[in-house]
Amino acid sequence: MQPTVLIVDDDPIILLTLGEALKINFNVNVITAETPMKAFEIMATTGINLVVLDMNLPGMDGKTMLERIRKYADKERLPVVVCTGMSDRSLLGELVVLGINDYIVKPFRMDMIIQKFQNFFPVNK
């Protein structure tokens, strides 16, 4: 059975490009959500193996969403990779304490995507 990645981002271009990159380079299913509330609905009904989480979301910021995710699932059970345009080191330090597994900075490059996500899934040959 293929692992399932949930991408939570309000930018449809990010959802499309990152989703396609993960499907092409890794043997994963991709589900997308444009809001945290939609993401929580999906997580309640679907087995998710990894969450890619934007920090700037409508209705709830990514940090608050991460805090809520970590109340129910630890880093080993549900890895979270933060996807953000912010490269603020103090924020990244705070997110590490809250339990992110990794992060990618937008705009991202394909080689960076492959490098980061091969820590979680085997690369397609």
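Modeller: Before we begin, the radius of gyration is taken over C-alpha atoms, and the globule rule sets it at 2.2 Å times the number of residues to the power 0.38. This is a predicted model, in which local features need pLDDT of at least 70, side-chain atom pairs count only at pLDDT 80 or more, and totals for chains, interfaces and linings use all residues. Residues are numbered from 1 along each chain as its sequence is written, and side-chain values use heavy atoms, with hydrogens and water left out.

Biologist: What radius of gyration does the protein chain have, beside that of a compact globule?

Modeller: For 125 residues, a compact globule would have a radius of gyration near 14 Å. The C-alpha atoms fill a box of roughly 35 × 35 × 30 Å along the principal axes. The protein chain agrees with the globule value, because its own radius of gyration is 13 Å.

Biologist: In what order do the elements of the protein chain run?

Modeller: Helices (H or I, at least four residues) and strands (E, at least two) are DSSP runs, numbered from the N terminus. The protein chain has 5 helices and 5 strands. From the N terminus on, their order is β-α-β-α-β-α-β-α-β-α.

Biologist: Which residues of helix 5 are buried, and on how wide an arc do they lie?

Modeller: Buried means under 20% relative accessible area, exposed over 50%, and partly exposed in between, with a 1.4 Å probe and protein chains only. In helix 5, residues 110-117, the buried ones are M112, I113, K116 and F117. They lie on the same side of helix 5, because the arc they cover around the axis, given by the directions from the helix axis to the C-beta atoms, is only 115°.

Biologist: Against which elements do the buried residues of helix 5 pack?

Modeller: Contact here means heavy atoms within 4.5 Å. By that rule, the buried residues of helix 5 pack against one helix and three strands, namely helix 1 (12-25), strand 3 (50-54), strand 4 (80-84) and strand 5 (102-105).

Biologist: Is M55 buried or exposed?

Modeller: M55 is found in the loop between strand 3 and helix 3. Its relative accessible area is 4%, so M55 is buried.

Biologist: Which residues does K75 touch, not counting those up to four places away in sequence?

Modeller: K75 has its place in the loop between helix 3 (62-72) and strand 4, and with a relative accessible area of 32% K75 is partly exposed. Leaving out residues up to four places away in sequence, K75 touches R70, G99, I100 and N101.
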